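Colleague: Got a minute to go through this model with me? I'd like to start from one residue's contacts and work outwards.

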Amino acid sequence: MGYGHHRAEVAAASAGGRQHTGSLSRRMLLIAFAWVSFLLVGGGLALDHTLTGLVTRNFDDQLGYMLTAMIASAEIGPDGEVFFNRPLGDQRFLEPNSGLYWQISGQGHDDFPSRSLWDRTLRLRGDHFDSTPHIYDSDQFGTNEKLRMIERSVILPGSNTLWQFSVAASRGELDAQIARIRSILIWSFLVLAMGLFIMAGLQTYYGLGPLRRVRRAIAAMREGGAPRVDEPLPLEVQPLVQEINALLDHSDKQAEEARTHAGNLAHALKTPLTVVMNAATAQAPDLADTVIREAAVMRRQVDHHLARARAVGRRATGLARATVWESADAVVRAVTRLYPQVRFDLDGNGEASVAIERQDLDEILGNLVENAAKYGGGSVFITIDAVPGDAKFCDIWVEDDGMGIPENERERIFDRGARLDTGKPGTGLGLAIVRDVAELYGGAVVLGESEDLGGLLTTLRLPRAK
């Protein structure tokens with residue numbers, strides 16, 4: 001039932017246009033079937049070869065014993081012919097066509113056959129000398145009675161004739177034993193194969209059970225159940241569940257950030273809109289100036305939140321990487337055109353890379369460098385990788401020779417719209433954007449005092465790219 005249900009799911013997925021790479025359970029079953037089949041076939045052939053070899057060697061040993069007894073009992077009579085000084089023990093040699101035969105042949109002498117041969121003669125290979133027993137199969141009596149034969153060449157005492165001693169036995173009994181062995185092997189291995197295949201199927205179904213439980217847990221979350229997969233699972237599946245839970249946490253965090261941004265933007269726009277509505281309702285004489293002023297405030301707020309939203313979206317990809325020197329050099333060239341009287345010095349590690357999108361890095365560096373040029377005294381130093389021994393973070397120093405920021409004002413300056421020098425144009429959102437974007441990427445911004453220039457030292461700390 002489980003396999004049929006799985007087939008239905010695969011068919012439904014295909015019908016819905018969703019791509020997949022096939023069934024995991026089918027892969028496991030195919031591998032198990034192929035491996036089990038290979039082992040069973042290979043093991044069966046090896047066992048068949050071993051057992052049939054043992055039976056055949058035992059059969060040949062019996063023929064060898066009979067041949068040895070023949071040679072031990074053979075003597076040469078006064079007439080020069082061979083005879084036995086004692087009868088052979090096996091009675092089948094005396095029964096016609098019994099399936100067990102012997103024969104002695106010598107050149108220039110009549111064949112000396114067993115009574116069991118009756119009117120037949122064994123065709124021997126008398127054109128060579130067998131110092132040791134020679135065993136082979138023969139079909140000289142037809143396919144109905146195939147023979148297993150053993151021969152040996154012997155020169156008996158008192159004779160110069162080369163005598164060929166041979167014993168032949170019908171292969172019927174040997175072939176019957178081999179057939180019984182093979183039948184037992186085939187049925188045994190079939191039963192074993194069936195058991196192993198069933199076991200592989202059960203193992204696959206049971207082994208993939210945790211994945212089905214994860215799927216049900218995710219379906220329950222989608223339908224409004226538990227917010228996380230909290231069910232205990234095997235060690236091999238637990239990392240997958242942890243990654244799923246981490247992804248859910250990340251999604252919840254992004255959703256919460258989106259709600260917070262929306263609330264902050266709504267709150268930021270509420271006051272300017274109220275001012276505009278009140279001025280319009282009262283038909284104030286400076287309505288046009290009020291609309292322009294409040295529209296500029298709303299535009300600054302929208303730009304700030306859009307920049308933060310873009311940073312959140314880029315961070316979600318997890319593949320951000322930028323070279324600090326390239327970004328800083330581009331920013332310096334752009335700011336130089338706005339402040340040609342300011343001297344910029346760029347120094348440090350030209351190979352340092354940080355885990356942030358290039359566009360976001362340009363934006364926060366542009367804010368820091370532009371602020372240093374605007375509020376400084378004419379000199380701006382930018383140092384990349386100011387603390388090279390830090391393996392996790394890259395520190396970027398932006399220093400100027402201006403008045404700096406009092407220590408008790410350094411935290412407040414990060415608030416949206418906060419400005420210490422209102423005599424120069426600006427929105428008061430630059431440092432707020434820098435801090436928000438840096439923190440989104442796991443970095444930070446710290447304000448201090450420059451030891452070399454005496455003005456403001458802004459330390460931008462960003463995680464290094466891996």
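Colleague: Leaving aside neighbours within four places in sequence, which residues is Phe344 in contact with?

Modeller: Bear in mind that this is a predicted model. With sequence neighbours within four places left out, the contacts of Phe344 include Tyr339, Val369, Ala373 and Val380. The rest of the set is Val332, Val335 and Thr336.

Colleague: Which helix gives the most residues to the largest nonpolar core?

Modeller: That core has 40 residues, and Phe344 is among the members that touch the most others, together with Leu361, Ile364, Val380, Ile396, Leu460 and Leu462. Helices H7 (324-338), H8 (358-375) and H9 (430-440) each supply at least two residues, as do strands E11 (379-384), E12 (393-400), E13 and E14 (456-463). The top contributor, with seven residues, is H8.

Colleague: And how many residues are in the second, separate core?

Modeller: Among its members are Leu63, Ile71, Ile150 and Ala169. The count for this second core is 27 residues.

Colleague: Back to E13: is Val445 buried or exposed?

Modeller: Val445 sits in strand E13, residues 444-449. Beyond its neighbours within four places in sequence, Val445 is in contact with Phe414, Val434, Arg435, Ala438, Thr458, Thr459 and Leu460. Its relative accessible area is 12%, and the cut-off for the label is under 20%, so Val445 counts as buried.

Colleague: What separates the C-alpha atoms of Val445 and Asp395?

Modeller: Along the chain these two residues are 50 residues apart. Between their C-alpha atoms, the separation is 9.6 Å.

Colleague: How many residues of strand E7 are buried?

Modeller: E7 covers residues 163-170 and pairs in the antiparallel sense with E3 (residues 100-106) over seven bridges. E7 also pairs with E6 (residues 147-154), again antiparallel, over eight bridges. E7 is mostly covered, and of its eight residues the buried ones number seven.

Colleague: Which residue in E7 stands opposite Trp102?

Modeller: One facing pair in the E6 pairing is Val154 and Trp163 of E7. For Trp102, the E7 residue standing opposite is Val167.

Colleague: Last one: Leu24 is part of a nonpolar surface patch, so what is its relative accessible area?

Modeller: Leu24 lies in helix H2, residues 24-73. Together with Met28, Leu211 and Leu240, Leu24 makes a nonpolar surface patch of about 320 Å². Patch residues need over 30% relative accessible area. Leu24 is partly exposed, and its value is 44%.

Technical notes
Residues are numbered from 1 along each chain as its sequence is written. This is a predicted model: local features need pLDDT of at least 70, side-chain atom pairs count only at pLDDT 80 or more; totals for chains, interfaces and linings use all residues. Side-chain values use heavy atoms; hydrogens and water are left out. Patches are made of residues with over 30% relative accessible area and no salt bridge: like charges are joined within 9 Å, nonpolar side chains (Val, Leu, Ile, Met, Phe, Trp, Tyr) within 5 Å. Accessible areas come from the Shrake-Rupley method with a 1.4 Å probe; for residues, only the protein chains shown count as cover. A salt bridge is a side-chain nitrogen of Lys or Arg within 4 Å of a carboxyl oxygen of Asp or Glu. Helices (H or I, at least four residues) and strands (E, at least two) are DSSP runs, numbered from the N terminus. Buried means under 20% relative accessible area, exposed over 50%, partly exposed in between (1.4 Å probe, protein chains only). Two strands pair if DSSP finds at least two bridges between them. Contact means heavy atoms within 4.5 Å. A nonpolar core is a set of buried Ala, Val, Leu, Ile, Met, Phe, Trp, Tyr and Cys residues joined through side-chain atoms within 4.5 Å.
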